[in-house]
Each structure stands twice: as structure tokens, then as C-alpha cells.
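User: I'm new to this one and would like a close look at a single part of it. Could you pick out one helix and walk me through what surrounds it?

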Amino acid sequence: ALFLLPGETALLTTKQHVFAIIPPLIIAALLGIGAIAVFFGVSAYLHVFPLLTLLGGSLIVVLTLGLSAKILVDWYFHIYLVTNRRILEIVYKPFFSQDVNDVLLDQVRCTEIDVKIHGYINSLMDVGDIIITFDRPTHQQEFILHDIKSPRKNGTLLGHLLNTPKAAINNKTVWYKSDLPGSNAY
């Protein structure tokens, strides 16, 4: 609701599949385990006090858990939103950044939707990318929804929603106002 314009309705809201965060979590865990092993090896070699070794190991565990929590929070706040007027990708990383990438649909002449599923595991998990290509008057742009669950079903739904006549979707154009005398068109 924070990102919707007046008169705009949400048609589809989705996020990356949970499968997309497993590799970064595994890497964080391996880095944490490796750091603990190196730290305890160096502590044993240098004969450091046991309490200092325990505190240092605990600090590494807390840092690893913090990194894992950041990965989870960043995934949770990465949202794709399709409305009757725009497509938005909202990437919110608390304490770091907030990015909103959007495409106004009334500026688009042609929409092409491709679905890509990479690999056998993604096929089994039903995870893939939906690539939306817009032919704008000035240039072409691709809008990619990465690692979406049920990409075939959602791609078909997006194709149906985005290829309906623009007059049926939008009663008024959002971005244009005529300054001609006697014209009150928006």
C-alpha cells in the first residue's frame, strides 16, 4: 500500500523462492565454520587462555549468525509488485539501502514475456526467472523477476494481465498532462 498511486490496484505480488537463499546461507555457514576452525587452531598453537578462546569463538559464531540473519532479512524484503499501471521491484535492505525499480505500463507499446528455468533442480523445485521485455519508444528494457516460484503459471498470468488493451486497464495516463488551451486531458 505504501507504493501504490491513487486509483492503482495490485494485481500480483511475489518474491524470490526460498530456494534462492540457500546457497548464500551455506557459504555463510562454511565461512563461519572455517573461521572457528582457524581461530581454535591458532589459539591451541599459541596456548591462549581458554576463556579468551571461548570469547573469540563466541564472537565468530555471533558474526556468522548476524550475517545469516542479514541474508534472510534482505530476501524477505525483496518484493515484486505488478499493478494495473506499473511493475515494481522493491529491494529494501534495512540500515543499508532501499531501491525501487519501476516501469510505467502506459509508456509501453509492446510486452514480451519469457520464462527461463535453469537446471534440473530448478525444474524439480518449479523455480525460474520471468523476463519481461518492454519496447519503449526510446529504448528496450528488460525487467527480470529472479527465482520465482511457479514461473510458468505466473508468466502466463503476467502475459494475460500485461497484454490486455491499455484502455481497459488505465482510464487516465499517469505521466502526461496537456497544456493546450481548452484541453483538460491528463
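**A close look at helix α2**

Analyst: Let's start with the length of α2: its 27 residues, at 1.5 Å a residue, should span 39 Å, and the C-alpha atoms at its two ends are 39 Å apart, which agrees. Keep in mind that this is a predicted model.

Here is where the helix fits in. The chain has five helices and seven strands, and from the N terminus the order is β-α-α-β-β-β-β-α-β-β-α-α. Across the 186 residues of the chain, 33% are buried.

Now for the inward side of α2. Its buried residues are Thr53, Gly56, Gly57, Ile60, Thr64, Ser68, Ile71, Asp74 and Trp75. And what lies over them? The cover includes β1 (10-15), α1 (22-46), β2 and β3.

Take α1 from that list of neighbours. Ser43 lies in this helix, and it counts as buried because its relative accessibility is 6%, under the 20% cut-off. Leaving out residues up to four places away in sequence, Ser43 touches Val48 and Thr53. Thr53 is one of the buried residues of α2, so you can follow a direct contact from one helix to the other.

Two phenylalanines are worth a stop as well. Phe39 and Phe40 form an edge-to-face aromatic pair, with 6.0 Å from centre to centre and 65° between the planes. Phe39 counts as partly exposed at 27% relative accessibility, and Phe40 is also partly exposed, at 37%.

Another edge-to-face pair takes us to the far end of α2. The ring centres of Phe77 and Tyr92 are 5.4 Å apart and their planes stand at 85°, so this pair is edge-to-face. Phe77 lies in the loop between α2 (50-76) and β2, while Tyr92 is in strand β3 (residues 86-93), so the pair ties together parts that are 15 residues apart in sequence. Phe77 is partly exposed, with a relative accessible area of 30%, and Tyr92 is partly exposed too, at 34%. Ring pairs join Tyr76 to these residues, giving a cluster of Tyr76, Phe77 and Tyr92. In the whole structure, a search finds three aromatic pairs.

A lysine comes in at this end too. Lys15 lies over the face of Trp75, at 4.8 Å from the ring centre, and also over the face of Tyr76, at 4.2 Å from that ring centre. Trp75 is among the buried residues of α2.

From here, β2 leads on to the nonpolar core. In soluble globular proteins, nonpolar side chains tend to be buried together. The largest nonpolar core here has 14 residues, and the members that touch the most others are Ile87, Ile130, Ile132, Phe134, Phe143, Leu145 and Leu158. At least two residues of this core come from each of β2 (78-83), β6 (127-135), β7 (140-149) and α4 (151-162). Leu158 makes a good example: setting aside residues up to four places away in sequence, it touches Leu12, Val82, Ile113, Ile130, Ile132 and Leu145.

Finally, step back to the chain as a whole. Among contacts with a separation of 6 or more, 56% are between residues 24 or more positions apart. The accessible surface comes to about 11,900 Å², and 67% of it belongs to carbon and sulfur atoms.

Definitions and conventions: Residues numbered from 1 in each chain as written. Predicted model: local features only at pLDDT ≥ 70, side-chain atom pairs only at ≥ 80, totals over all residues. Heavy atoms only, no water. Helix = DSSP H or I, 4+ residues; strand = E, 2+ residues; numbered from the N terminus. Buried < 20%, exposed > 50% of the residue type's maximum accessible area, 1.4 Å probe, protein only. Contact = heavy atoms within 4.5 Å. Areas by Shrake-Rupley, 256 points an atom, 1.4 Å probe, with all protein chains shown as cover. Core = buried A, V, L, I, M, F, W, Y, C linked by side-chain atoms within 4.5 Å. Phe/Tyr/Trp six-rings, centres within 6.5 Å; stacked < 30°, edge-to-face > 60°. Lys NZ or Arg CZ within 6 Å of the ring centre and 35° of its normal. Expected span 1.5 Å × (residues − 1).
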